[in-house]
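This report describes one protein model, moving from its overall arrangement to its helices, individual residues and a pocket. The sequence and the structure come first.

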Amino acid sequence: MIPLRIVESDREGFEEPVVEIWRDDDFVGMVFWDGDVAVVQVYPDEDGGVHDLEMGDVFRILGLAEAIVTPEEFRFFPDEYGETGFSVGRSEGEDDWEDEHPATIALATEFDSLAVYRSPDGEGFFRPEAARDFIARCDELDLAVVELEGFDFDGIELKPRPNLVLTVALPGMNDWRIFRPAANSLSRSTLDRWPNRASLALSFVVQQPDGETFVA
(Lines give C-alpha, C1' and ligand atoms only; values in the text may rest on other atoms or scores of the structure.)
Protein backbone atom coordinates (compact mmCIF):
# COMPACT_ATOMS: atom_id res chain seq x y z
CA MET A 1 0.00 0.00 0.00
CA ILE A 2 1.05 3.60 -0.58
CA PRO A 3 2.05 5.02 2.84
CA LEU A 4 0.05 7.79 4.41
CA ARG A 5 1.51 11.25 4.94
CA ILE A 6 0.44 14.19 7.08
CA VAL A 7 0.32 17.92 6.40
CA GLU A 8 0.02 20.44 9.22
CA SER A 9 -2.28 23.35 8.41
CA ASP A 10 -4.01 26.29 10.05
CA ARG A 11 -7.74 26.38 9.42
CA GLU A 12 -10.28 29.04 10.17
CA GLY A 13 -12.31 28.17 13.27
CA PHE A 14 -9.56 26.02 14.85
CA GLU A 15 -7.34 27.41 17.61
CA GLU A 16 -4.82 24.59 17.28
CA PRO A 17 -3.15 23.26 14.11
CA VAL A 18 -5.11 20.79 12.02
CA VAL A 19 -3.31 17.75 10.60
CA GLU A 20 -4.47 16.58 7.18
CA ILE A 21 -3.96 12.92 6.23
CA TRP A 22 -3.16 12.18 2.59
CA ARG A 23 -2.28 9.18 0.44
CA ASP A 24 -0.56 10.60 -2.61
CA ASP A 25 -3.10 13.16 -3.90
CA ASP A 26 -6.08 11.55 -2.15
CA PHE A 27 -7.40 13.31 0.96
CA VAL A 28 -8.09 10.66 3.61
CA GLY A 29 -9.10 12.74 6.62
CA MET A 30 -7.88 15.07 9.32
CA VAL A 31 -7.03 15.22 13.02
CA PHE A 32 -7.88 18.22 15.20
CA TRP A 33 -8.26 19.25 18.83
CA ASP A 34 -11.86 19.49 20.04
CA GLY A 35 -12.05 21.01 23.51
CA ASP A 36 -10.27 18.36 25.55
CA VAL A 37 -9.58 15.52 23.14
CA ALA A 38 -7.95 14.85 19.78
CA VAL A 39 -10.48 13.82 17.12
CA VAL A 40 -9.88 12.05 13.80
CA GLN A 41 -12.27 12.37 10.86
CA VAL A 42 -11.98 9.93 7.94
CA TYR A 43 -13.65 10.85 4.66
CA PRO A 44 -14.84 8.64 1.76
CA ASP A 45 -12.57 8.33 -1.26
CA GLU A 46 -13.26 10.30 -4.42
CA ASP A 47 -15.71 7.61 -5.61
CA GLY A 48 -17.61 7.59 -2.34
CA GLY A 49 -16.06 4.30 -1.22
CA VAL A 50 -14.03 3.43 1.83
CA HIS A 51 -10.28 3.81 2.36
CA ASP A 52 -8.41 0.56 3.10
CA LEU A 53 -5.66 1.55 5.53
CA GLU A 54 -2.71 -0.51 6.78
CA MET A 55 -2.98 -0.73 10.58
CA GLY A 56 0.67 -0.03 11.39
CA ASP A 57 0.67 3.03 9.14
CA VAL A 58 -2.51 4.30 10.79
CA PHE A 59 -0.99 3.95 14.28
CA ARG A 60 2.13 5.79 13.15
CA ILE A 61 0.23 8.64 11.52
CA LEU A 62 -2.33 9.10 14.31
CA GLY A 63 0.33 9.16 17.01
CA LEU A 64 2.26 11.90 15.24
CA ALA A 65 -0.93 13.82 14.45
CA GLU A 66 -2.13 13.66 18.05
CA ALA A 67 1.19 15.05 19.26
CA ILE A 68 0.92 17.98 16.83
CA VAL A 69 -2.66 19.02 17.61
CA THR A 70 -2.60 18.49 21.40
CA PRO A 71 -2.07 21.75 23.35
CA GLU A 72 0.88 21.75 25.74
CA GLU A 73 -1.31 21.85 28.87
CA PHE A 74 -3.05 18.61 27.86
CA ARG A 75 0.06 16.57 27.10
CA PHE A 76 0.67 13.71 29.49
CA PHE A 77 4.14 12.39 30.17
CA PRO A 78 3.87 9.82 33.01
CA ASP A 79 6.87 8.81 35.00
CA GLU A 80 9.07 5.91 33.93
CA TYR A 81 7.15 3.37 35.99
CA GLY A 82 3.62 4.61 35.26
CA GLU A 83 1.03 2.00 34.32
CA THR A 84 0.73 3.23 30.74
CA GLY A 85 3.80 5.43 30.59
CA PHE A 86 7.04 4.79 28.80
CA SER A 87 10.39 6.44 28.38
CA VAL A 88 12.93 5.67 25.70
CA GLY A 89 16.41 5.17 27.10
CA ARG A 90 19.17 2.64 27.15
CA SER A 91 19.59 0.51 30.27
CA GLU A 92 23.17 0.25 31.41
CA GLY A 93 25.14 -2.40 33.25
CA GLU A 94 22.45 -4.97 33.92
CA ASP A 95 24.21 -8.33 34.10
CA ASP A 96 21.91 -10.05 36.59
CA TRP A 97 18.82 -11.38 34.79
CA GLU A 98 17.15 -12.69 37.95
CA ASP A 99 14.76 -9.73 38.23
CA GLU A 100 14.25 -9.17 34.50
CA HIS A 101 10.84 -9.10 32.83
CA PRO A 102 9.79 -12.62 31.71
CA ALA A 103 9.30 -11.45 28.12
CA THR A 104 12.82 -10.03 28.06
CA ILE A 105 14.26 -13.33 29.25
CA ALA A 106 12.23 -15.25 26.65
CA LEU A 107 13.37 -12.98 23.82
CA ALA A 108 17.02 -13.07 24.84
CA THR A 109 16.97 -16.84 25.24
CA GLU A 110 15.34 -17.47 21.86
CA PHE A 111 17.58 -15.15 19.85
CA ASP A 112 20.93 -15.46 21.63
CA SER A 113 22.21 -18.13 19.26
CA LEU A 114 21.11 -16.16 16.17
CA ALA A 115 23.48 -13.26 16.77
CA VAL A 116 26.27 -13.28 14.19
CA TYR A 117 28.43 -11.18 16.49
CA ARG A 118 28.45 -10.02 20.11
CA SER A 119 30.45 -7.06 21.34
CA PRO A 120 32.57 -7.36 24.51
CA ASP A 121 29.72 -5.82 26.52
CA GLY A 122 27.23 -8.40 25.18
CA GLU A 123 25.40 -6.41 22.49
CA GLY A 124 24.11 -8.70 19.75
CA PHE A 125 24.06 -8.11 16.00
CA PHE A 126 21.66 -9.97 13.69
CA ARG A 127 21.24 -10.56 9.97
CA PRO A 128 18.07 -9.06 8.38
CA GLU A 129 16.20 -12.39 8.28
CA ALA A 130 16.67 -12.91 12.00
CA ALA A 131 15.97 -9.21 12.62
CA ARG A 132 12.53 -9.47 11.03
CA ASP A 133 11.74 -12.51 13.18
CA PHE A 134 13.05 -10.56 16.17
CA ILE A 135 10.61 -7.70 15.60
CA ALA A 136 7.73 -10.13 15.04
CA ARG A 137 8.57 -11.92 18.30
CA CYS A 138 8.63 -8.59 20.13
CA ASP A 139 5.05 -8.07 18.96
CA GLU A 140 4.06 -11.46 20.35
CA LEU A 141 5.80 -10.81 23.68
CA ASP A 142 4.39 -7.28 24.09
CA LEU A 143 7.81 -5.66 23.65
CA ALA A 144 8.72 -2.69 21.45
CA VAL A 145 11.81 -2.12 19.31
CA VAL A 146 12.73 1.52 20.01
CA GLU A 147 16.18 1.68 18.41
CA LEU A 148 17.50 -0.03 15.28
CA GLU A 149 21.00 0.42 13.90
CA GLY A 150 22.69 -1.06 10.84
CA PHE A 151 26.31 -2.18 10.49
CA ASP A 152 28.49 -4.02 7.99
CA PHE A 153 29.97 -7.22 9.39
CA ASP A 154 32.29 -9.37 7.28
CA GLY A 155 32.86 -12.01 9.95
CA ILE A 156 35.80 -10.14 11.44
CA GLU A 157 35.21 -6.40 11.56
CA LEU A 158 32.06 -4.48 12.48
CA LYS A 159 31.60 -1.13 10.72
CA PRO A 160 28.77 1.29 11.58
CA ARG A 161 26.62 2.69 8.78
CA PRO A 162 25.58 6.17 9.98
CA ASN A 163 22.73 6.41 7.45
CA LEU A 164 21.07 3.27 8.87
CA VAL A 165 19.88 4.44 12.28
CA LEU A 166 16.35 4.58 13.67
CA THR A 167 15.31 5.98 17.04
CA VAL A 168 11.58 5.63 17.53
CA ALA A 169 10.05 8.94 18.58
CA LEU A 170 6.26 9.01 18.94
CA PRO A 171 5.57 12.02 21.20
CA GLY A 172 2.15 12.11 22.76
CA MET A 173 1.48 8.41 22.15
CA ASN A 174 1.21 7.40 25.80
CA ASP A 175 -0.96 4.32 25.60
CA TRP A 176 1.32 1.26 25.46
CA ARG A 177 -1.33 -0.68 23.54
CA ILE A 178 -0.93 1.85 20.73
CA PHE A 179 2.75 2.69 21.15
CA ARG A 180 4.05 -0.88 21.03
CA PRO A 181 2.51 -1.94 17.69
CA ALA A 182 3.26 1.47 16.18
CA ALA A 183 6.92 1.29 17.23
CA ASN A 184 7.32 -2.23 15.86
CA SER A 185 5.54 -1.34 12.64
CA LEU A 186 7.87 1.64 12.17
CA SER A 187 10.92 -0.53 12.90
CA ARG A 188 9.71 -3.21 10.48
CA SER A 189 8.95 -0.77 7.66
CA THR A 190 12.28 1.00 8.19
CA LEU A 191 14.17 -2.30 8.00
CA ASP A 192 12.28 -3.20 4.81
CA ARG A 193 13.49 0.04 3.21
CA TRP A 194 17.13 -0.53 4.12
CA PRO A 195 19.37 -2.36 1.62
CA ASN A 196 19.28 -6.11 2.13
CA ARG A 197 22.98 -6.71 1.55
CA ALA A 198 24.73 -9.87 2.72
CA SER A 199 27.02 -7.99 5.10
CA LEU A 200 24.25 -6.13 6.91
CA ALA A 201 24.02 -6.74 10.67
CA LEU A 202 21.53 -5.04 12.97
CA SER A 203 21.40 -4.16 16.64
CA PHE A 204 18.33 -3.39 18.74
CA VAL A 205 17.22 -1.57 21.83
CA VAL A 206 13.97 -3.04 23.14
CA GLN A 207 11.47 -1.54 25.55
CA GLN A 208 9.27 -3.35 28.06
CA PRO A 209 5.72 -2.30 28.99
CA ASP A 210 7.05 -0.84 32.27
CA GLY A 211 9.32 1.59 30.38
CA GLU A 212 12.59 -0.23 31.04
CA THR A 213 14.84 -0.75 28.02
CA PHE A 214 17.58 -3.24 27.24
CA VAL A 215 20.13 -3.89 24.54
CA ALA A 216 19.44 -7.14 22.70
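## Overall arrangement

The protein chain of this predicted model contains four helices and 10 strands. Along the sequence these elements follow the pattern β-β-β-β-α-α-β-β-α-β-β-α-β-β. Of the 216 residues of the chain, 42% count as buried, and among contacts between residues at least 6 apart in sequence, 61% join residues at least 24 apart.

The confidence of the prediction can be followed along the chain. The mean pLDDT of the protein chain is 82, and 87% of the residues score at least 70. Among the elements, strand 9 (residues 200-207) has the highest mean pLDDT, 95, whereas helix 1 has the lowest, 77. Over residues 76-95 the pLDDT is below 50, although this stretch has 41 contacts in the model beyond near neighbours in sequence.

## Two helices

Helix 1 and helix 4 are described together here, since the buried residues of helix 1 pack against helix 4, among other elements.

Helix 1 has 15 residues, and the distance from its first C-alpha to its last is 21 Å, close to the 21 Å expected at 1.5 Å a residue. Its buried residues are G56, D57, V58, I61, G63, A65, A67 and V69. Besides helix 4, the elements against which these buried residues pack are strand 1 (5-9), strand 2 (18-23), strand 3 (26-33) and strand 4 (38-42).

Helix 4 has 18 residues, which at 1.5 Å a residue should span 26 Å, and its end C-alpha atoms, 25 Å apart, agree with that value. The buried residues of helix 4 are W176, F179, R180, P181, A182, A183, N184, S185, L186, S187, T190 and L191, and they pack against helix 1, helix 3, strand 7, strand 8 and strand 9.

One of the buried residues of helix 4 is N184, which has a relative accessible area of 0%. Not counting residues up to four places away in sequence, N184 touches I135, C138, D139, L143, A144 and V145. Of these contacts, the one with L143 links positions 41 residues apart in sequence, with the C-alpha atoms 8.5 Å apart in space.

## Residues in strands and loops

Two further residues can be placed by their partners in space. S9 lies in strand 1 and counts as buried, because its relative accessibility is 15%, under the 20% cut-off. Leaving aside residues up to four places away in sequence, S9 touches P17, V18 and E20; the C-alpha atoms of S9 and E20, which are 11 residues apart along the chain, are separated by 7.2 Å. M173 is found in the loop between strand 8 (158-167) and helix 4, where it is buried with a relative accessible area of 3%. M173 and E66 are 107 residues apart in sequence, yet their C-alpha atoms are 7.6 Å apart in space.

Which backbone angle is positive in D24, although this residue is not a glycine? In D24 it is phi, at about 55°, and in D142, likewise a residue other than glycine, phi is near 65°. The table sets out the place and the accessibility of these two residues.

| Residue | Phi | Loop | Relative accessibility |
|---|---|---|---|
| D24 | about 55° | between strand 2 and strand 3 | 46%, partly exposed |
| D142 | near 65° | between helix 3 (128-140) and strand 7 (144-153) | 28%, partly exposed |

## The second largest pocket

Rolling a probe the size of a water molecule over the atoms shows where empty space is left. In this model, about 260 Å³ of space lies in the second largest pocket. The elements that give two or more residues to the lining of this pocket are helix 1 (55-69) and helix 4 (176-193), and the largest share, four residues, comes from helix 4.

The lining consists of 14 residues, of which P3, E54, D57, R60 and S189 lie nearest the centre of the pocket. By chemical character, the lining residues divide into six nonpolar, three polar and five charged. D57, one of the residues nearest the centre of the pocket, is also among the buried residues of helix 1.

Notes:
Residues numbered from 1 in each chain as written. Predicted model: local features only at pLDDT ≥ 70, side-chain atom pairs only at ≥ 80, totals over all residues. Heavy atoms only, no water. 1 Å grid on protein atoms, 1.4 Å probe; cavity = no way out; pocket = protein on both sides within 12 Å on 5 of 7 lines; lining within 4 Å. Points joined across faces, edges and corners; volume = space filled by probe spheres on them. Nonpolar A, V, L, I, M, F, W, Y, C, P; charged D, E, K, R; others polar. pLDDT = per-residue confidence, 0-100. Contact = heavy atoms within 4.5 Å. Expected span 1.5 Å × (residues − 1). Buried < 20%, exposed > 50% of the residue type's maximum accessible area, 1.4 Å probe, protein only.
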